[in-house]
Amino acid sequence: MLTTWILINKKFAKMAAFDKNNQDFPDTNLSEKGEYDMSNILTVTSPAFENEAVIPIQYTGRGEDISPELYLSAIDGRAKSLAVIMDDMNHPIPAYNHWIIWNIPVMEIIPENIAYGADVAELGGAVQGRGYGKNRYRGPKPPFNWLHLYQFNVYVLDCLLDLSFKARKGNLIAAMQGHILQKGALTGYFQSHR
């Protein structure tokens with residue numbers, strides 16, 4: 001069992017070195033880089049689950065694999081667009097990305113079940129980049145019966161981003177630098193029970 005664990009971790013270490021474009025900037029807390037005023041906090045909640053609670057199965061890869069509804073409050077009046085990054089915080093590759101979407105119109109409720117595909121017409125032309133290898137939301141799906149923490153980071157931006165649908169998390173974070181007005185986060189847990 002220990003040998004298998006070591007081999008799996010060596011495999012993930014190789015993947016991390018290979019897929020740098022997807023996993024650059026594993027720490028999505030840009031406030032440490034002086035990107036925005038930390039006192040200007042965005043509050044992110046969801047009717048689907050409480051912060052630091054269990055994510056219901058329909059929002060996971062073991063269920064319907066649909067994105068949860070997100071409620072935002074105290075949005076900065078200068079906002080021009082929103083972006084979301086969702087990561088698995090317990091993956092062997094730190095902050096492994098499951099979902100990125102940007103150029104969401106400024107709104108207090110980001111709806112659930114955002115359509116698959118790069119261009120999201122029902123969200124005013126928002127763009128989903130490549131998270132977990134696909135242009136779509138990919139919900140929690142930890143292996144075996146492991147319990148993983150997932151974090152939804154929501155960014156309020158002062159512009160729209162000119163970024164290809166082929167972009168990954170590292171590209172999105174680089175493009176957002178200097179344009180972040182606020183950031184808020186919602187976290188939840190999921191265990192596969194397999």
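How many helices and strands does the chain have? The predicted model contains 3 helices and 10 strands, and the legends below describe close-up views of selected parts.

**Figure 1. Overall architecture of the predicted chain.** Read along the sequence, the secondary-structure elements follow the pattern α-α-β-β-β-β-β-β-β-β-β-α-β. Of the 194 residues, 46% count as buried. Among contacts with a separation of 6 or more, 74% are between residues 24 or more positions apart. The chain exposes about 9600 Å², of which carbon and sulfur atoms supply 54%.

**Figure 2. The open sheet with strand order β1-β3-β6.** The 3 strands of this sheet show antiparallel pairing. Strands β1 (43-45) and β6 (109-110) form the edges, each pairing on one side only. Between β1 and β3 (residues 70-73), which run antiparallel, there are 3 bridges. Within this pairing, V44 has L72 of β3 as its bridge partner.

**Figure 3. The largest nonpolar core, with 29 residues.** The members that touch the most other members are L70, V84, W99, I101, I110 and F152. At least two residues of this core come from each of β3, β4 (81-88), β5 (96-104), β9 (147-157) and β10 (180-191). Strand β9 provides the largest share, namely 4 residues. In soluble globular proteins, nonpolar side chains tend to be buried together. Leaving aside residues up to four places away in sequence, I110 touches P68, E69, L70, L72, L82, V84 and I104. A second core, separate from the one described above, has 14 residues, including A83, W102, L172 and M176.

**Figure 4. Surroundings of S46 in the loop between β1 and β2 (53-54).** S46 counts as buried because its relative accessibility is 10%, under the 20% cut-off. The side chain of S46 reaches the backbone oxygen of E69 at 2.6 Å. A polar atom of the S46 side chain also lies 3.0 Å from the backbone nitrogen of A48. When residues up to four places away in sequence are not counted, S46 touches P68, E69, L70 and L186. P68, E69 and L70 are also among the residues that I110 touches.

**Figure 5. K169 and its polar contact with D87.** K169 lies in helix α3, which spans residues 169-176. Is K169 buried or exposed? With a relative accessibility of 0%, K169 counts as buried. The side chains of K169 and D87 make a polar contact at 3.2 Å.

**Figure 6. Positive phi values at Y132 and F144 in the loop between β8 and β9.** Most residues other than glycine have a negative phi. Y132, which is not a glycine, nevertheless has a positive phi of about 60°. Its position is in the loop between β8 (126-128) and β9. F144, found in the loop between β8 and β9, has a positive phi of about 55° and is likewise not a glycine. Y132 is partly exposed, with a relative accessible area of 32%. For F144 the relative accessible area is 48%, and this residue is also partly exposed.

Conventions. Residues numbered from 1 in each chain as written. Predicted model: local features only at pLDDT ≥ 70, side-chain atom pairs only at ≥ 80, totals over all residues. Heavy atoms only, no water. Buried < 20%, exposed > 50% of the residue type's maximum accessible area, 1.4 Å probe, protein only. Polar contact = N/O pair within 3.5 Å; in protein donor to acceptor, adjacent residues only side chain to side chain. Contact = heavy atoms within 4.5 Å. Areas by Shrake-Rupley, 256 points an atom, 1.4 Å probe, with all protein chains shown as cover. Pairing = 2+ DSSP bridges. Core = buried A, V, L, I, M, F, W, Y, C linked by side-chain atoms within 4.5 Å.
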